[in-house]
Every structure is written in C-alpha cells, then in structure tokens.
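Biologist: I should like to request a close look at a single part of this structure. Please begin with the chain as a whole and then turn to the chosen residues.

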Amino acid sequence: MEEKIKARVMDSRKINRSLARMTTEIIERNRDLNNLVVVGIRTRGIYIGKRISKLIKDLEKVNTPVGVLDITLYRDDFSELEAQHMVKKTEIKFSVTDKDVLLIDDVLFTGRTIRAAMDSLFDLGRPRSIQLLVLIDRGHRELPIRADYVGKFLPTSKREMVQVRLKEVDEEDEVLITEPAGIE
Amino acid sequence: MGFSHKHLLGIQHLSEDDILSILDTAESMAEISTREVKKVPTLRGKTVINLFFEPSTRTRSSFELAAKRLSADILNFSLQASSVTKGESLRDTVLNLEAMNPDAIIIRHAYSGAPHFVSTFCRSHIINAGDGSHEHPTQALLDAFTIRQEKKKIKGLKILIVGDILHSRVARSNIFLLNKLGAHVVLVGPPPLLPSIFTSLNVEVSHDFDKACIDADVLMMLRIQRERQEKYFFPSIREYRELYTLSKKRLKKAKPDAIIMHPGPLNRDVEIATDVADSVQSVILKQVENGIAIRMAVLYLLLGGKSREMSD
C-alpha cells in the first residue's frame with residue numbers, strides 16, 4: 001500500500017531529548033534502580049529500551065538488563081489477520097519475578113499490544129511492578145491502559161499511521177505521521 | 001516469505017521458502033518449552049485430533065504436547081487394524097470425527113497416500129504424521145532443524161542416510177527436504193533395501209558404508225525392522241551388522257565433528273552400536289526435543305490465521 005507523509009513530528013534531537021527526560025523521571029520514581037529490568041517489545045521497543053538502559057547507566061552507573069518480548073503468540077486478533085505474523089523469539093535471559101519491569105514500546109495506540117505483553121510477562125514470572133514507557137501516545141485506546149512515561153502525546157485520526165523510525169533499524173531517527181494514499 | 005498451504009501432507013510439494021518459514025517459526029517456539037509456564041494462549045479454542053492407525057508413542061505424544069503448549073484441545077484416537085476391520089472405511093471414520101468440528105486432524109496410516117485422500121473431502125487442516133512408506137514430513141523438518149542447530153547450515157553438507165531406505169518414509173521426506181536445501185545426500189544400504197531406482201531422486205547411492213563415511217557431516221541411521229529380515233530382504237542380522245552398523249570404527253572415518261541422528265526407536269547394536277548412540281556426537285535426544293518445537297510451528301502456521309487464500 002502506498003502511503004504519503006503528512007508530517008515529520010520528531011527528529012533525532014527531539015527524540016533524544018524525550019528519552020533523556022523520561023530517563024530522569026524513571027530514576028526519580030525508582031529508588032531501587034538495581035531492581036529495575038527493561039523489556040522492549042519487538043521491534044522498535046528493543047532499541048528504545050537499549051537507549052534508556054544506556055542513559056540510566058550514564059547517569060547513575062547502574063546496569064539494567066534489557067530483554068526482548070515478542071507478543072505474536074499472545075495477540076487477540078489471530079482470526080482476523082489476513083495471514084499470520086512471523087513469530088520471533090522472546091529473549092529474556094533474566095527472571096522477572098519480584099523485579100520492577102519497565103515495559104517499552106514505540107507507539108501506544110489501542111492498548112492491545114500492551115495487554116498481550118503483560119499476559120506474556122506473567123507467564124514468565126511474577127513481577128513486583130510493571131511500568132510502561134512509550135515514545136508516542138497517539139490516543140484511541142480500546143482498553144483501560146495508560147503509560148507511566150510518555151515521550152510525546154500526538155493527537156491523530158484513526159486512519160492516520162504513526163511511524164517511529166530508529167537509526168538502529170531504519171536509516172535515521174524520526175517520527176512520521178503518514179496516511180494511506182489514493183483513498184478518498 | 002510465509003506459509004500458505006492448508007495441509008501438511010508431505011515435503012515433496014513444499015518450496016524452500018515454506019520449509020524455511022517452518023524452521024524459523026520453530027526457532028521461536030523452542031524457547032516456550034524452556035519456560036516455567038510452558039504454554040502460550042495462541043490456539044485457545046482450537047481442537048486438534050490425533051488419528052493414529054499405527055502404533056506410535058513418540059510422534060503422537062510430541063504432537064499432543066505441541067498442541068497443548070499452544071493451548072489447543074487435543075483428542076487422541078488410536079485405531080488398531082482390528083477395529084478398522086470391523087468394517088468402517090477410512091472415509092467414514094474421518095467423516096464421523098469431522099462431525100465433531102475439529103480444526104485439524106493429524107493422521108498416521110499404514111497406507112501411502114491416506115492423508116492426501118482424507119484431505120480431498122475434509123474441511124479440517126490435515127497433517128501427515130507418517131503414511132506407509134511415503135512421507136513423514138514433521139520428522140524430516142525436525143531433522144533439518146537439528147542439523148541447522150548443530151551445523152549452522154544445511155547447504156553443502158554431506159549427509160548419509162543409512163539403512164532400510166526402501167520402506168522408510170523418514171528417508172523419503174528427508175531426501176526431498178535436504179535436496180531442496182542444497183545438501184549432498186548419500187543413501188547407503190544393502191541392494192535389496194536400496195534399489196538403484198533411488199538415483200532418480202537426484203541423490204548418490206552407495207552400498208559401501210565404509211567408503212561413504214569418508215568426510216560425512218551427518219550420519220542419519222534408520223531403524224532396521226527385524227520383521228523384514230524374515231521376508232528375505234537381507235540374509236541375517238549378523239551380516240547386516242558386519243556391513244552397515246554404525247560402529248566407532250566407521251564413525252572415525254567421518255568428519256571429527258560429524259553428528260549422529262536416528263528417528264527412533266533404536267535397535268541398539270543392529271543399526272547403531274551402543275557406545276556410538278550414547279556418544280557426544282549423538283543428537284538423538286535433541287531430535288526428540290526439537291520435534292515439539294517443529295510441531296508447534298506447523299500447528300501455528302496452519303491454524304493461526306484464517307480467511308486467507310489457500311493453496312492445496
């Protein structure tokens with residue numbers, strides 16, 4: 001599907017500033033940083049998680065392990081999908097039991113991904129708490145879920161799409177609002 | 001990339017892409033079996049039937065665990081030949097089961113082509129768990145998965161399949177699969193169990209195990225069914241042992257890091273020496289472990305989505 005870019009709402013500098021601000025909020029709120037573990041949701045959540053973990057280390061000299069969560073097997077919309085998503089690996093090399101888990105995704109939209117991610121985390125152990133960090137909160141929630149740390153609130157219409165691009169996997173750091181082209 | 005078949009009837013008609021997407025999906029599934037909670041909710045509400053017309057413990061329980069770890073409900077039917085001879089045809093048996101609205105039927109049958117026949121009149125997804133001497137696709141897939149895990153590749157490897165090739169569905173599925181992925185396949189066995197017609201499958205055929213062993217990366221041993229000996233396929237177990245048992249001495253001719261595989265059940269000291277079967281080069285138990293991940297991948301790829309255009 002062709003899509004056209006409507007706006008470029010964040011660039012590399014803005015993204016870095018947001019991440020730095022959220023890192024400070026995380027440090028403020030979590031007295032015991034040694035108990036904090038980071039879990040990034042595939043794909044972009046992993047890289048945001050790694051950056052946050054590094055920022056925490058730079059500021060507080062604390063190592064926070066980063067795990068990777070693939071939520072494909074926990075989706076609630078299997079039977080509605082055109083074809084199945086490729087399942088990728090969940091790689092969490094540490095126990096989440098009794099940890100403060102910082103769950104990270106790029107965009108918070110309906111909340112269904114986060115629901116699936118929490119179900120998946122509970123199958124891996126019993127965290128002491130789960131906090132949610134997203135780079136973009138675009139609204140339109142379908143479930144009672146909110147983020148603890150938000151990079152940017154971005155009011156959107158439902159037919160718009162929000163694309164977070166990160167230089168680890170895309171060419172550069174930016175956040176775009178796009179829309180399917182050719183539809184009236 | 002992706003998998004777009006409705007059934008898994010064999011390897012022969014799969015593309016390289018189909019095979020790789022099953023293997024890649026299985027990589028992700030393997031992790032689930034190492035968790036404390038060995039279950040994901042993916043196939044909740046789906047019903048799978050294990051329909052086995054031949055005895056099997058390993059394959060049946062492997063499918064059963066795979067279905068359970070994906071949260072599907074599974075029903076086991078083991079119909080020995082006796083109950084079939086009561087007169088119900090295969091078609092009627094399957095139609096009765098289908099009336100119970102399953103989503104998939106896993107079938108093992110002594111007749112080659114039985115799963116294909118069933119797929120012609122069934123709504124459910126059909127998975128072949130071994131039909132006669134035709135195919136056993138999930139075994140070949142788990143073998144390939146194990147080889148890839150150990151050797152990090154399949155292309156270019158010298159892979160020996162040794163034993164009763166003539167009657168082996170495991171051999172046929174493996175020949176198709178390994179050829180598609182670019183391995184160098186050598187079949188080894190006594191001429192009555194390995195007629196020269198097999199060269200038409202684009203593989204090398206050898207009756208000299210000692211010579212074939214040289215530089216082998218993978219030694220896949222097949223079970224010798226003792227009952228075949230009575231049918232004069234080979235003169236005696238003792239002679240077979242002399243020529244085709246995988247012994248320490250023969251193993252030394254292969255590459256030092258060669259791996260040893262066997263689909264089970266083992267006939268110790270017939271096709272494989274006990275010390276070889278238990279050696280560090282043996283990956284026989286890893287094959288069993290990987291079987292669950294492969295079967296989870298197959299169930300997921302067949303059942304985990306609907307309303308798409310399906311071939312076969």
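Modeller: The account below passes from the whole chain to two of its residues. The structure is a predicted model, with an ipTM of 0.78 and a pTM of 0.88. For chain B the mean pLDDT is 92, and 93% of the residues reach 70 or more. One stretch calls for caution: over residues 306-312 of chain B, pLDDT stays under 50. For this stretch the model has 21 contacts beyond four places in sequence.

Chain B is built from 13 helices and 9 strands. Along the principal axes, its C-alpha atoms fill a box of roughly 55 × 45 × 35 Å. The radius of gyration of chain B is 19 Å, which agrees with the value near 20 Å that a compact globule of 312 residues would have. Of the 312 residues in chain B, 57% are buried. Among contacts in chain B with a separation of 6 or more, 72% join residues 24 or more positions apart. The chain exposes about 13300 Å², of which carbon and sulfur atoms supply 52%. Chain B also carries 41 positive and 36 negative side chains, and the centres of these two sets lie 2 Å apart.

The part to examine closely is B:M296, which lies in helix α13, spanning residues 284-303 of chain B. Is this residue buried or exposed? B:M296 is buried, because its relative accessible area is 0%, and the cut-off for a buried residue is under 20%. Beyond residues up to four places away in sequence, B:M296 touches B:M29, B:I32 and B:S33, and also B:A66, B:R69 and B:L70. A further distance helps to place the residue: B:M296 and B:Q149 are 147 residues apart in sequence, and their C-alpha atoms are 17 Å apart in space.

A second residue, from a loop, may be set beside this one. B:D217 lies in the loop between α8 (209-212) and β8 (218-221) of chain B. B:D217 is buried as well, since its relative accessible area of 6% is also under the 20% cut-off. With neighbours within four places in sequence left aside, B:D217 is in contact with B:K151, B:L157 and B:K158, together with B:K255, B:A258 and B:I259.

In summary, B:M296 in helix α13 has a relative accessible area of 0%, while B:D217 in its loop has one of 6%.

How values were computed
Residues are numbered from 1 along each chain as its sequence is written. Chains are lettered from A and ligands numbered from 1 in the order in which they are written. This is a predicted model: local features need pLDDT of at least 70, side-chain atom pairs count only at pLDDT 80 or more; totals for chains, interfaces and linings use all residues. Side-chain values use heavy atoms; hydrogens and water are left out. Helices (H or I, at least four residues) and strands (E, at least two) are DSSP runs, numbered from the N terminus. The radius of gyration is taken over C-alpha atoms; the globule rule is 2.2 Å times the number of residues to the power 0.38. Buried means under 20% relative accessible area, exposed over 50%, partly exposed in between (1.4 Å probe, protein chains only). Contact means heavy atoms within 4.5 Å. Accessible areas come from the Shrake-Rupley method with a 1.4 Å probe; for residues, only the protein chains shown count as cover. Lys and Arg count as positive and Asp and Glu as negative; His and the chain ends are not counted. The place of a charge is taken as NZ of Lys, CZ of Arg, CG of Asp or CD of Glu. pLDDT is the predictor's confidence in each residue, from 0 to 100.
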